[in-house]
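Visitor: I would like a close look at how helices pack in this model, with the cut-offs spelled out. Could you walk me through one part and then its surroundings?

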Amino acid sequence: MPFKLLVVACLLYVAFLFAVAFIVERRAQAGRLGWLRSPLVYTLSLSIYSTAWTFYGAVGYAARSGLEFLTIYFGPTLVFVGWWWLLRKLVRIGRQYRVTSIADLISSRFGKSNTLGVIVTIIAVVATTPYIALQLQSVVLSFGVFASATPDGQAPLDAGQTAIWVAVGLAFFTILFGTRNLDAREQHHGIVTAIAVEAVVKLVALLAVGIFVVWGIAGGVGDVIARIDAADLSAWQVQPGRWAGLIFLSAAAVITLPRMFQVMVVENDDEGQLARASWAFPLYLMLMSLFIVPIAVVGLDQLPAGSNPDMFVLTLPLAEGQGGLAMLAFLGGFSSATSMVIVEAIALATMISNHVVIPLWLRLRPAAAADDLRSVVLMARRVAIAAVLALGYGYYQVSGGSAALAAIGLIAFLGVAQVLPALLGGLFWRGATRTGAILGLVTGFVVWAFTSFLPSFGPGAALSDAVFTQGLFGLAWLRPQALFGTDTMDPMIHALFWSMTLNVIAFCLGSLLTFPGPVERLQGAAFVNVFEGTVGPERWSKGQVDPEALLTMAQRILGEEAALSLFQTAARDQGKDSFLPDPTPAFLNQLEAQLSGTVGAATAHAMISQLVGRATVTVEDLMAVASESAQIMEYSAKLEAREAELTRTAGALREANEKLMQLSIQKDAFLSQISHELRTPMTSIRAFSEILTEGDLPPEMVVKYGRIIHEEAKRLTRLLDDLLDLSVLENGTVQLSLGLASLQQMLDTALIAARQTRPERSFIIHRDLPSEAIYLKTDADRLTQVFINLISNARKYCDASQPELRIAVRQRAGRVTVDFIDNGKGIPKDSQSLVFEKFARLTDANRAGGAGLGLAICREIMTNLGGSVAYLPGQGGAAFRVTVPLRLEKLAA
Amino acid sequence: MARKESPLFLARAPYRRRRLRDASRLLPILGIFFLLLPLLWTEESRLSLSAGDVIYFFSVWIFLIGAAAAFAPGLRSGQGPTGDED
């Protein structure tokens, strides 16, 4: 196929991407993003993980090392399916604190330290420059494949020229869409969408080639399986160290690669996107690698020995004369390379401008408050993008583009993975400190450079032969590929092992041994506890700052209009009708958050503290807040206790009140009852004494009336006696004469005494004499009185024709119970609770001169004797149970 | 600053949601197990790539993707506006 056509197709494709990015930017500005913010676009944009290294390199990797290429995808798969562990927190923090890059995240977490920002930036730039070179190289190689296949002998561009054209083109595109404006949240919808389109192109291209290879060249799945089994893929053997190490490495890289962080965290809009990507992104990776092995195997079979397996994706279709397919594959590879370079360049440029250029600028020209910092930031980013691409091109030229793609990729992975300990420590360990992070990062970076990066240039290039064989400074234990004498390890795993181990050790030791500053501790708490809402005090104490100066500064960064509207809103929230709000801590926080979305947390913090004049909070402030909140908690606990006490008291009062009311009612009832009881005998006494005073009555009538008067007077006396007795008992002033007495004797006495009641009735008494042989220490007279009362009641009210009374005595645990059970009808259930009340008489039918005070007195006596009397239901008749203590001690009056 | 008091026992739906989170946390661990399992297979006789290996790894891969896809909707709906935590 003509080379010119290829160039034209390439340009058309680029123009198409331009158009996509342009249209989306327009829509984004109009606020009409709609489905463009869907999880699908997010997932597709994540696919920049698979670069040209994947697109071309995976086949070469498979041809050289068998299935080991899969480890590069298993790591991200594990990280994404386990998103609830880490990514969710990362994305939440990124959104909440307007993180602009991974350097910003690390710097912000460790007290907004710009030093850390610079370190991470340097690591990222150094580690990813070879990676960018790799992309340029793959594009050049793929051009070369077409050029060599050009039949018309037209001289194609040489490799160097291709590379420079590609680099310049990419720089142009990136600058155009990556630095159009300074967004408050550093998002680039246009570019993300263009990348999503490229993701589709590369997937379709690779699948198309794969399908062609499996069903076009080979004879379907069965044939491919047979070929795989037959192929001797470089004697592939799982090397446990490499296998596990590379899975870990790729998992670390997918989190820490600047471009992945950019699309995954910075460009993220909500967690729903992440939830979808948790399975959709691994699915994408799976589809991307589905046909890698078949292509590698068939390529090794079909193509002449010595062909570059990295280019099988292109050379296989070309060798079969499928020009169109090869063109699609070429565009796929082109997409992989360009999308990676664009995002990487943006991410790196953001870091460079926010952590290197702007702080420098502010330091060099602190007085230049009037100039528009926005243009400086934008210019810094543009220059940085160009510089990053120039670096990549330079590396490509220096390294000569000869190394296998996979090796360079892994070295870059390991470089950025050095950020992982600081990142994880910062997210999950409040004790991680700035010093620890700096030590860990620097240690990891140095070890990585010495064991992996510098040796990758080959012996005699960056490191001399002598260093390789004899070690640094002639120390044998400092050989770059055999640190501390570990010379049997695979070089890659050797570098991974030592860089990560020493990194983690330095990080942990540094964190354990140092004391973090106040801002650091605040940020640590805020990041680690990001899901528990905002924590900690305001970061700014009320400063002496002129709001106008703040506005001027904000305008320099946010732009005039945005800054004005931000200030106006804040002023309105404070209830002021102007453009200048009071510099309250809350407002300063808000302003800082806005600024850090553009220039990074460290710079934003530095700029505000420059104006506010004091270094925000101190350790003492933190302590004060802590003790304040402790006091508040203590106070509220006290309040709660007091409230509970009040509730209890109120309840007791209410109860007492109810009792009083009841007593009052009872008293009224008692009074009316007693007047009635007193009046009845009085009435008859009066009536009969009147008749007597009239005289001339027959003597027998006089006798009769006199007896009636006498009877009624006796009744009155008895009633008054009872009342007196009751009141004495109720007041507890009764004098008990305690002594030992036989229960049997008391019952005998009681039975004899009760015989006077309705003596005409013959009762059958059932007793169990042996059980009654108990001596009680009690007041025998009083207890007997109770027994008499109960037995008399039975005699009075038992309505059976053959009345029987059973007396059962039982002794249990220091108490004696005496049951009196007759065989009458008993007391109706609803009256059972009434019988012990004063003047309670259930029927007047068998009235025998009682005033209805008997049982009430019994109850009072039993209370005084430390026992009780109660109605015993369910005994087949009226039944009362008297309970007395076996030995009554003197009660405290 | 006071920690929210979390209830000791949960209703059925939040309970299921928490167990779903647990499952989603355990999934990568299961994945690591499956992906490292082949390390125990290596024997002298298996020096070259076999189609069985390829099929095994892709099956594990598809299983992980499927499980994550099954968990994702429940996890997403579980995120209340309060950012309720485990």
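Guide: Here is a walk through the helix packing of chain A, followed by some of its loops and the overall layout.

This is a predicted model, in which local features need pLDDT of at least 70 and side-chain atom pairs count only at pLDDT 80 or more, while totals for chains, interfaces and linings use all residues. Residues are numbered from 1 along each chain as its sequence is written, and chains are lettered from A and ligands numbered from 1 in the order in which they are written.

Let us start with the helix pairs. Two packed helices are described by the angle between their axes and the distance between the axes. Helices here are DSSP runs of H or I with at least four residues, strands are runs of E with at least two, and both are numbered from the N terminus. Axes are lines fitted to C-alpha atoms, for helices over the stretch in contact, and angles run from 0 to 180 degrees between N-to-C directions.

In chain A, helix 10 (residues 220–230) and helix 14 (residues 292–302) have axes that come within 10 Å and cross at roughly 70 degrees. That makes helix 10 of chain A roughly perpendicular to helix 14 of chain A; angles under 35 degrees count as roughly parallel, over 145 as roughly antiparallel, 65 to 115 as roughly perpendicular and the rest as oblique. Helix 10 of chain A passes helix 14 of chain A in a left-handed crossing, a label used if the near helix is turned anticlockwise from the far one by less than a right angle, with right-handed used if clockwise. From helix 10 of chain A come Val224(A), Arg227(A) and Ile228(A), which meet Val293(A), Pro294(A), Val297(A), Val298(A) and Asp301(A) in helix 14 of chain A. Two residues are in contact if their C-beta atoms, placed from the backbone, lie within 7 Å. By class, this contact of helix 10 with helix 14 of chain A has six nonpolar, no polar and two charged residues. Ala, Val, Leu, Ile, Met, Phe, Trp, Tyr, Cys and Pro count as nonpolar, Asp, Glu, Lys and Arg as charged, and the others, Gly among them, as polar.

Now for another pair. Helix 2 (residues 39–46) and helix 13 (residues 271–290) of chain A pack at an angle of about 45 degrees, with their axes 8 Å apart. That makes helix 2 of chain A oblique to helix 13 of chain A, and the crossing is right-handed. On the helix 2 side of chain A, Pro39(A), Tyr42(A), Thr43(A) and Leu46(A) take part, and their partners in helix 13 of chain A include Arg276(A), Phe281(A) and Tyr284(A). This contact of helix 2 with helix 13 of chain A has seven nonpolar, three polar and one charged residues.

Next comes burial. A residue is buried if 20 or more other C-beta atoms lie within 10 Å of its own, exposed if 12 or fewer, and partly exposed in between, with C-beta atoms placed from the backbone. Helix 15 (residues 312–319) of chain A is mostly covered, as seven of its eight residues are buried, among them Phe312(A), Leu314(A) and Leu316(A). After helix 15 of chain A comes Gly321(A), with a positive phi near 75 degrees. Val266(A) lies in helix 12 (residues 258–266) of chain A and is buried, with 26 other C-beta atoms within 10 Å. Its C-alpha atom is separated by 9.1 Å from that of Ile102(A), 164 residues away along the chain.

Two loop residues deserve a glance as well. Most residues other than glycine have a negative phi, and most peptide bonds are trans. Lys112(A) has a positive phi near 50 degrees; Lys112(A) sits in the loop between helix 6 (102–109) and helix 7 (114–148) of chain A and is buried, with 28 other C-beta atoms within 10 Å. Ala813(A) also has a positive phi near 50 degrees, in the loop between strand 6 (804–812) and strand 7 (815–822) of chain A, but Ala813(A) is exposed, with 5 other C-beta atoms within 10 Å.

Finally, the wider setting. Chain A has 32 helices and nine strands, and buried residues make up 46% of its 893 residues. Chain B has two helices and zero strands, and 19% of its 86 residues are buried.
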